[in-house]
Amino acid sequence: MDAIILQILNGLDKGSAYALIALGLTLIFGTLGVVNFAHGALFMIGAFCAVTLSRLLSLSHEVAVEGEVDFLGNPMMKDVPYIYDIFGEATGAAIIDWSVPLSILFAIPVMVAIGFIMERGLIQHFYKRPHADQILVTFGLAIVLQEIIKYFYGANPIPTPAPAAFTGSFDFGAVLGFDPNTIIYPYWRLVYFAFAAIIIGAVFAFLQFTTFGMVVRAGMADRETVGLLGINIDKRFTIMFGIAAAVAGLAGVMYTPINSPNYHMGMDFLVLSFVVVVVGGMGSLPGAVLAGFLLGVLESFASMGAVLEVLPGINQIIIYLVAIVILLTRPRGLMGRKGVMEE
Amino acid sequence: MSNSNFTRRGLIKTGAVAGAAGLSLPTYLRADGHSGFTNAPTGDTVTLGFNVPQSGPYADEGADELRAYELAVEHLNGGGDGGLMNTFSSKALQGNGILGKKVEYVTGDTQTKSDAARASARSMIEKDGAIMITGGSSSGVAVAVQALCQEAGVIFMAGLTHSNDTTGKDKKANGFRHFFNSYMSGAALAPILASNYGKDRKAYHLTADYNWGYTTEEAVRTSTEAMGWETVAAVKTPLTQTDFSSYIAPVLQSGADVLVLNHYGGNMVNSLTNAVQFGLRDKQVNGKNFEIVVPLYSRLMAKGAGANVKGIFGSTNWHWSLQDDGSKAFVKSFGTKYGFPPSQAAHTCYVQALLYADAVERAGSFNPCAVGEALKDFEFDGMGNGPTLYRGEDHQCFKDVLVVKGKENPTSEFDLLEIVEITPVSQVTYDAGIFGGELGVCNPGA
């Protein structure tokens with residue numbers, strides 16, 4: 001039982017990342033009809049927003065350390081962040097320590113701007129082109145973006161730790177009456193799950209309870225009619241592209257303490273996120289979220305030692321197996337709408 | 001025992017075989033008639049092929065390898081401060097190129113993919129006339145390129161490759177490895193682990209699901225079980241895995257009190273980060289502190305894992321903080337040129353380039369079979385690893401192995417590992433036959 005609870009918890013944080021990326025993908029597909037293979041790259045750029053802010057906050061000047069020498073025998077120089085000079089060492093260190101949560105504020109305008117530039121600069125020219133063209137151009141764009149990041153940040157992962165207050169793990173086992181240490185879960189992953197729930201809730205509330213959201217939903221259902229009513233739906237859809245980019249970016253920002261970001265991390269999530277979108281139902285926002293968590297949990301279960309003993313290698317194919325079964329039994333996915341991608 | 005044909009009788013036999021094969025071999029596998037071997041240099045230059053990962057996940061490691069090769073070429077041609085040529089026990093190299101020919105080089109991108117690595121090596125041999133191929137940061141790539149070089153009749157001086165197979169079951173007569181291997185890591189680590197963590201331990205292995213992972217797991221298991229440890233589970237993890245939480249979460253439930261991460265590169269960074277996030281190192285199991293072990297360390301990877309490496313044991317082929325004359329000379333040369341200390345990948349690649357050049361000088365020929373003969377059973381010193389033997393039976397270098405630990409209080413971004421022990425070569429030496437495989441005969445390509 002404790003092993004099952006543990007894998008459900010594991011699946012929830014992995015599912016959170018899938019759900020956030022798939023949510024953005026579905027927003028873009030549902031509004032603009034674009035299959036955006038560069039969406040994983042937006043997740044990766046969000047993560048590098050956290051790396052960038054962390055580096056900006058850590059910008060330093062060198063101070064000689066008396067009595068010590070470096071690897072070449074020259075006087076040892078120590079980096080002292082400028083932020084220490086401005087706020088004092090204790091406050092400066094605390095600001096650097098909290099650089100990942102602070103990156104949310106930094107990432108939102110950056111990601112909205114990148115999304116806006118992507119949509120206006122490139123993707124809008126492919127609205128009326130076949131999906132194959134859209135996939136090719138956005139996939140190419142993803143490769144360009146990741147190579148740019150690799151050029152500036154290198155190929156190796158860059159450690160971007162969570163604030164010290166969130167290091168360590170919570171012992172669910174002790175709380176739930178199991179043996180201590182049997183169900184432990186890192187604090188930051190709980191934060192990530194809560195953060196994902198808030199973002200998903202905010203996006204749904206925005207679409208459900210605001211006039212802007214109502215118009216967007218109407219446009220998703222019937223773009224032409226909304227246009228005939230004199231509403232500039234294209235402008236709203238462009239804004240939605242920016243919002244989708246911001247959602248992917250924020251998912252990336254908060255993911256950095258879980259796995260050190262590298263230039264390839266977007267690609268690692270992209271394919272699985274597309275499977276999530278298809279399983280959830282193309283164009284269905286609740287479907288994307290539901291499928292994200294479902295596949296995240298299933299993937300965790302498939303990685304259990306007991307499961308692997310019976311079905312070796314199942315952890316590598318479980319998501320695709322489930323996708324096949326769901327698409328065979330429910331061709332539109334779990335919550336797909338009739339007519340989407342069917343013409 | 002020697003498997004080379006660089007004897008009178010061997011040359012006749014090789015010539016006959018190669019002559020017959022020449023009727024059907026592609027152009028690049030045949031040398032000019034007058035030279036007798038592939039890509040024999042005819043002008044006043046000689047071309048070396050540096051096949052390193054310039055893109056893909058090990059691109060940073062490949063960049064450091066390339067820096068080392070460029071430094072080696074500079075030193076071979078008489079530039080710079082001479083680096084390790086000043087401390088190398090062999091004095092055949094004079095700083096006037098190789099056999100008086102100026103050293104030039106071409107580079108290829110392995111992308112850490114076997115097919116891409118073979119294609120780039122093939123291109124350097126066929127189009128650029130490279131007489132020797134060297135480099136790489138992966139055992140899969142090393143084994144693939146080594147086989148190609150064997151077919152093509154050029155020497156392969158392996159870069160960073162740690163699998164037993166490179167000089168074990170997949171060894172080739174034209175291939176040579178300076179880097180240590182999984183067996184040596186296990187043999188060096190086990191006594192240190194036993195003395196620090198005790199002999200009554202239960203280990204849980206997470207192993208990268210490919211060739212290097214298997215040989216490393218086997219080596220560490222064999223060595224630690226011989227010390228009294230019990231292996232409670234060994235789980236293979238996909239090479240493409242980025243989040244290891246579902247593999248790490250069950251570790252404590254298994255009753256294990258040690259986690260061995262047979263991972264390298266991004267796998268190591270992520271699995272170690274995840275394990276620390278789950279608080280494994282803060283736990284007490286079986287009345288003991290829970291411990292993590294990383295059999296193969298790399299400073300570049302340690303940088304990626306950040307503070308998570310502190311206090312964790314592993315092994316490495318070389319480290320810039322060594323204080324022997326060779327290491328100090330190399331760190332000075334490299335550090336002065338590039339502004340930071342070299343990685344172990346850079347060191348092994350630089351040394352391999354010099355060892356090849358030295359072997360050519362001593363053999364008096366670029367003929368790969370002559371060079372191979374010069375490398376076989378060659379004993380040398382002054383290259384940063386102490387007295388070293390290039391064993392003739394499997395073309396594996398035998399030297400001391402470093403057991404290292406993540407430094408608790410690093411003084412700089414490079415100061416991540418501290419040397420715990422230099423394990424003597426006698427403790428990591430093994431019988432050449434235990435991993436199977438055959439060197440075969442040297443192929444000069446003509």
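Among the elements of chain A, the lowest mean pLDDT, 80, belongs to helix 14 of chain A, residues 305-310, while the highest, 96, belongs to helix 2 of chain A, residues 39-57. This is a predicted model, and chain A as a whole averages a pLDDT of 88, with 98% of the residues scoring at least 70.

Let me turn to the contact between the chains, to which chain A gives 38 residues and chain B gives 39. On the chain B side, at least two residues each come from several elements, including helix 2 (59-76), strand 7 (230-237) and helix 10 (325-338) of chain B, and the largest share, 5 residues, is supplied by helix 8 of chain B. Sorted by class, that side of chain B holds 18 nonpolar, 15 polar and 6 charged residues.

Strand 7 of chain B brings us to the sheet, which is open, has mixed pairing, and runs through 7 strands of chain B in the order 7-6-8-11-12-16-17. Strand 7 and strand 17 (417-423) of chain B are the edge strands, each pairing on one side only, and neighbouring strands are turned against each other by 25 degrees on average, with direction ignored. Within this sheet, strand 11 (residues 291-296) and strand 12 (residues 313-316) of chain B pair in the parallel sense over 3 bridges, and B:V294 has B:G314 in strand 12 of chain B as its bridge partner.

Finally, helix 11 of chain B, residues 344-363, has 20 residues that should span 28 Å at 1.5 Å a residue, and this agrees with its end C-alpha atoms, which are 28 Å apart. Of those 20 residues 19 are buried, so helix 11 of chain B is largely enclosed by the rest of the structure. After helix 11 of chain B comes B:G364, with a positive phi near 75 degrees.

Notes:
Residues numbered from 1 in each chain as written. Chains lettered and ligands numbered in written order. Predicted model: local features only at pLDDT ≥ 70, side-chain atom pairs only at ≥ 80, totals over all residues. Contact = placed C-beta atoms within 7 Å. Helix = DSSP H or I, 4+ residues; strand = E, 2+ residues; numbered from the N terminus. Nonpolar A, V, L, I, M, F, W, Y, C, P; charged D, E, K, R; others polar. pLDDT = per-residue confidence, 0-100. Expected span 1.5 Å × (residues − 1). Buried ≥ 20, exposed ≤ 12 C-beta atoms within 10 Å, placed from the backbone. Pairing = 2+ DSSP bridges. Axes fitted to C-alpha atoms, helices over the stretch in contact; angles between N-to-C directions.
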